[in-house]
Amino acid sequence: MTMATVIVVASVGVSTPKPFALELDDFRQVRARIAPHIKHTPLLTSRQLSERSGHDVRVKAEMFQRVGSYKIRGPLNKFALMPDELKRRGVVCSSAGNHAQGVALAARVHGIRAVVCMAANATPAKIAATRGYGAEVVLHGTIWDEANEKAKELVRSEGLTYVHPFDDEQLIAGQGTLGLEIVQDWPEVDVVVVPIGGGGLISGVSMAVKSHNPKAKVIGVESSDGPAMKRSIAAGRLETIDCGTIIDGLRVRRVGEVTFSVVQRFVDDIVALPDRDIFDAMIWVMERCKLVVEGAAAAPVAALLHGLINVPAGSRVALVLSGGNVNLDQLRGLSWN
Ligand SMILES: Cc1ncc(COP(=O)(O)O)c(C=O)c1O
């Protein structure tokens, strides 16, 4: 797989950067590369969701992935491709969520030192989970931006490689293996619905689905309390927004350059609905489907239940339930009834 390919138009001698795009074969290679370390998570039928929506609905149960979300797929691919010299120096990221755990375990698999920067007020359970996967946790500042500054400083002072949570081509290729599994398990799928934070997951999944069947639709879901991708797509350029969502997988003020470009080319529609509706869907899935989903993962279900997935009746719809790392303390604190 090549990164940032440049094609030269011989007749006029002008170089045009070719936008980043991956084909099914690329994803097959990536899938084979990371296969020993991940699970092929199940695509489950759901009578409840099918009856409610009038479609044929299946859910990609990625909460059963190692580390409890899809976030290990991308780092595993990135580290497998990393030159030995960089591996020896180690990697760093900043996150208090699923990215931290994905990077930590993928680094351990590859025998790489991993440093994870978190804000000092990160929940003790998340710090413990990340340490449990073998990473060194550095606590710095009180918000993600400050922790991220610390990570950048470690890149400069210790030569660690920064692992971006979404705007990275090798990472996107890894996350997209989830889409490959969907089309392998259900080649006739018509619609795939994916949550969007920074856009890494939907970038990979949309390229995998479209290269399998260009007519299949890929629909993204954001919180309307922080629709960074929807705004940027509507504006035709990257926008930085005020982000009010409290759902951590969906909380991004500005999406990536690579992810924006991929979503522009491969995603058919982006829908948004408020946090409150997404929380209701979390409970709905736990109650009816008996699956534990975190907020971001419940967003596709919320969109379907609220009639936002505008496709012909009877369509074959796959919903990506991207993770199940629920902070049970938060869950106890909210009242839905
Ligand atoms: C469970 C889960 N789903 C979806 C997302 C959104 O993914 P992305 O930022 O790649 O768009 C995240 C991001 O952290 C997540 O943790």
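This section describes the overall dimensions of a predicted model, then the packing of two of its helices and the surroundings of two individual residues.

In the predicted model, the secondary structure of the protein amounts to 15 helices and 12 strands. The C-alpha atoms occupy a box of roughly 60 × 55 × 40 Å when the principal axes are used as the frame. The radius of gyration is 19 Å, which agrees with the value near 20 Å that a compact globule of 337 residues would have. Of the 337 residues, 54% are buried, and the surface that the protein exposes comes to about 14400 Å², with carbon and sulfur atoms supplying 50% of that area. When contacts between residues at least 6 apart in sequence are considered, 71% of them join residues that are at least 24 apart.

Among the helices, α10, which spans residues 200–212, packs against α12, which spans residues 257–266, at an angle of about 35° and with the two axes 9 Å apart. The crossing of α10 and α12 is left-handed. On the α10 side, the contact is made by G200, I202, S203, S206, M207 and K210, which meet T259, V262, V263 and F266 of α12. Sorted by class, the residues in this contact are five nonpolar, four polar and one charged.

Two residues were examined individually, one in a strand and one in a helix. E136 belongs to strand β7, which covers residues 136–139, and its relative accessibility of 37% places E136 in the partly exposed class, since that class lies between the limits of 20% and 50%. Leaving aside residues up to four places away in sequence, E136 touches R113, A114, V115 and V116. The C-alpha atom of E136 is separated by 26 Å from that of A35, a residue 101 positions away along the chain.

K150, by comparison, is located in helix α7, which comprises residues 144–158. Its relative accessibility is 18%, and K150 is therefore counted as buried, the cut-off for that class being under 20%. With residues up to four places away in sequence again left out, K150 touches C117, V138 and H140. Of these contacts of K150, V138 falls within the residue range 136–139 of strand β7, the strand in which E136 lies.

Terms used:
Residues are numbered from 1 along each chain as its sequence is written. This is a predicted model: local features need pLDDT of at least 70, side-chain atom pairs count only at pLDDT 80 or more; totals for chains, interfaces and linings use all residues. Side-chain values use heavy atoms; hydrogens and water are left out. Axes are lines fitted to C-alpha atoms, for helices over the stretch in contact, and angles run from 0 to 180 degrees between N-to-C directions. Helices (H or I, at least four residues) and strands (E, at least two) are DSSP runs, numbered from the N terminus. A crossing is left-handed if the near helix is turned anticlockwise from the far one by less than a right angle, and right-handed if clockwise. Contact means heavy atoms within 4.5 Å. Ala, Val, Leu, Ile, Met, Phe, Trp, Tyr, Cys and Pro count as nonpolar, Asp, Glu, Lys and Arg as charged, and the others, Gly among them, as polar. The radius of gyration is taken over C-alpha atoms; the globule rule is 2.2 Å times the number of residues to the power 0.38. Buried means under 20% relative accessible area, exposed over 50%, partly exposed in between (1.4 Å probe, protein chains only). Accessible areas come from the Shrake-Rupley method with a 1.4 Å probe; for residues, only the protein chains shown count as cover.
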